[in-house]
Amino acid sequence: MESFQPKNKRTMLKERIIEYFLISAAIISILTTFGILFSILFEAIEFFNLKSFTYFITGSHWSPGTDHSEFGAAAIFSGTFIITAIAIAVALPIGVFSAIYMSEYATDNVRTTVKPLLEILAGIPTVVYGFFAAITVAPAIVQLADFFGLDASFNSALAAGIVMGIMIIPVISSLSDDVINAVPDSLRKGSLALGMTKSETIKDIVLPSALPGIISATLLAISKALGETMIVVMAAGMNANKFSINPLEDMTTVTVQIVTALTGDFEFNSPDTLSAFALGLILFVVTLVLNIVSVMMIKKFKEKYKMSNL
Amino acid sequence: MKKTNNNNVFYDPSLAKRHRKAKVFKGLALSALVISLLFLAIFLSDMVIKGKSAFLQTYIQVEVTYNESTVKSYRKAIERKYLNLVSRSDIRDIPLKMKHDPSLMGTKKLQWILADDQVDMYMKEKYYKLKSKDLKALKNLIENNRVEMRFNTLFFTQGDSKIAENSGLASAIIGSIFTLLVTMAVAFPIGVATAVYLEEFANPDSKWSSLIEININNLAAIPSILFGLLGLSIFINMFGLPRSSPLVGGLTLALMTLPIIIVSSRAALRSVPASIRQAGYGLGLTKIQVVRDHVLPLAFPGVMTGSIIGLAQAMGETAPLIIVGMIAFIPDSPSSIMDAATVMPAQIFTWAGMPEKAYIERTAAGILVLLSILISLNALAVYLRKKFEVKWQ
């Protein structure tokens, strides 16, 4: 037995080392989050030391790279908001109704073929959507607007918004599909037994029960639309000084301005470059809040129906 | 209550209307699904229609003169009337070729030369800009069967170029491979180790492991462009790694791929039944031995599937790579992970912004190549899952 002792000790030591390696791997994911937070935060603080925070939030004049650079991002925020709103207006009805069809009406065969097809939409790289928006959708919108006697820009918010909407359909449909499936069957059967039609059952019983899940899916979709970069870089406008609510005009977004600021020939420590980090900080905070609220809502839904695999 | 012709007290006069409404509702749901599939179909066919012509390229047969004046100026190698029809990229090397092969001097040869992009556009019946005398010369060549469409091998062997007909995907493909090698070399071991720690070692109820878990969920939902900001300020500005290099791009993508690998590896580890572990302990194995020799090999197909899906996602990512500078004009393939490089989606983005019409079909063709690689990767993942899936009793 004595000859076993040292070998055993060595094994114990080895086990210890491996365990420490595993723990340090897990710590890297935490480091990444804090790395993102702090790298953005520090540069953003540096920016706000040079430029006013209140003007950044409320001001409407954005002119980096000039002698008297001004950084008022209000028009950028409004453009981001409108493009996101268009995307959600496209994706929410289509996504939710697709989910309803798949979980309530479709046969198993249809489900197993259609679900992967919808997932393809989610797997297409965003740069590809951007090309589609800029080359196919935007000119089509200009022609259509022309037909109705309207004037549309080739960088219209509508083109970027619609294509972004197509991109986030699967986000809404697959999560909604999961939550609608999770609504207990007894609720449906009870409603049908009382003489409700199938559509009445879905509208009045299933959807209200699944509502927290659908809202959570929508929040996630909003956060995805806010952070989407390539579609808007390729199809939306650059002008950060124009307020408009007309979706046929060109608008710009937070992500477009981040890319513009960081691909220009500015010094790294100039406010022109640092403005990208200030915009990034706003984006980080907003998407983080949306994600946390979304996760909390889905958690409540899970607890209500005691399910574990969402 | 209105009297009805049947005596059923439960009869609801609005029933027909309600049934009609139910039908309309079902139609609505179906049409939503059809619309989203229609989008997919329109989108894919649009890319095929726009991109398929780029796989063919026009060549024309002209007489090449090798003499003293050709050495001085490559423009003298071709008859004047055809000069605007051929690609500059193909004839500018002629003096160099003569230097390597002196026997060419003083000869004349009928040769197939790559055509100018406007000629190519004309042959593909697209919008073209040719002067009327060039067009006349071209029509003359066509009549004499001296114009030919060939498979576009240049598209796969050349790097980016400012000359549309000479530009290809090769350097972007090499750049993508280097970048993804870095990504997987970093993300795979760290991701699997994190998953093993969370599933096999950590106490699932502890604050510590729930902190890691929340963190991973958040990481998966952070907009990709913010990872680019991280890469720029930490990898480039703090560590001083070279801008535009596959090393920086790969590290940035690795952090984005990490959550995907962790989540799928955890699911794979969880599906290995507890009886395997208990049998291992019963035989006196240590925890590490059980995990390394029994649990991990059984979970491996699931881990691989998740990693391939993560790889496919990293391959299509553009925004963070633009921020770390992998978008510059790079005609040559990188030879190491420290060289400046571009990747496939970034190349597509660059071409999409080019003013010449000839780049549109190249962009779409690049998209077709990228999409087919992504679809094959995903198909491979599905195949692996199907083939190695173990159904535990």
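**Exercise 1. Find which residues B:Lys357 touches in this predicted model, leaving out residues up to four places away in sequence.**

Solution.
- Start with the partners. B:Lys357 touches B:Met121, B:Lys126 and B:Tyr127.
- Place the residue in the fold. B:Lys357 lies in the loop between helix H15 (344-352) and helix H16 (358-388) of chain B.
- Check a long-range pair. B:Lys357 and B:Gln118 are 239 residues apart along the chain. Their C-alpha atoms are separated by 8.9 Å.

**Exercise 2. Decide whether B:Lys357 is buried, partly exposed or exposed.**

Solution.
- Count the neighbours. B:Lys357 has 15 other C-beta atoms within 10 Å.
- Apply the cut-offs. A residue is buried at 20 or more such atoms and exposed at 12 or fewer.
- Conclude. The count of 15 falls in between, so B:Lys357 is partly exposed.

**Exercise 3. Describe how domain 1 and domain 2 of chain B meet.**

Solution.
- Set the bounds. The domain assignment gives domain 1 of chain B as 53-152 and domain 2 as 170-388.
- Take the distance between centres. Over C-alpha atoms, the centres of the two domains of chain B are 45 Å apart.
- Count the contacting residues. Domain 1 of chain B contributes 8 residues, and domain 2 of chain B contributes 7.
- Sort the domain 1 side by character. The residues there that touch domain 2 of chain B are 4 nonpolar, 1 polar and 3 charged.

**Exercise 4. Test whether the span of helix H6 (residues 132-143) of chain B agrees with its number of residues.**

Solution.
- Work out the expected span. Helix H6 of chain B has 12 residues, and at 1.5 Å a residue it should span 16 Å. The rule multiplies 1.5 Å by one less than the number of residues.
- Compare with the model. The end C-alpha atoms of H6 of chain B are 17 Å apart, which agrees.
- Look just past the helix. B:Asn145, just after H6(B), takes a positive phi of about 60°.

**Exercise 5. Characterise the fold of chain A, and say why chain A is or is not a compact globule.**

Solution.
- List the elements. Chain A has 11 helices and 0 strands.
- Compare radii. The radius of gyration of chain A is 25 Å, well over the 19 Å from the globule rule for 310 residues, so chain A is more spread out than a compact globule.
- Add the dimensions. The C-alpha trace of chain A spans about 80 × 75 × 35 Å along its principal axes.
- Check burial. Buried residues are 47% of the 310 residues in chain A.
- Check contact range. Take contacts in chain A between residues at least 6 apart in sequence: 74% join residues at least 24 apart.

Conventions
Residues are numbered from 1 along each chain as its sequence is written. Chains are lettered from A and ligands numbered from 1 in the order in which they are written. This is a predicted model: local features need pLDDT of at least 70, side-chain atom pairs count only at pLDDT 80 or more; totals for chains, interfaces and linings use all residues. Helices (H or I, at least four residues) and strands (E, at least two) are DSSP runs, numbered from the N terminus. The radius of gyration is taken over C-alpha atoms; the globule rule is 2.2 Å times the number of residues to the power 0.38. Two residues are in contact if their C-beta atoms, placed from the backbone, lie within 7 Å. Domain bounds come from an automatic or database domain assignment. Ala, Val, Leu, Ile, Met, Phe, Trp, Tyr, Cys and Pro count as nonpolar, Asp, Glu, Lys and Arg as charged, and the others, Gly among them, as polar.
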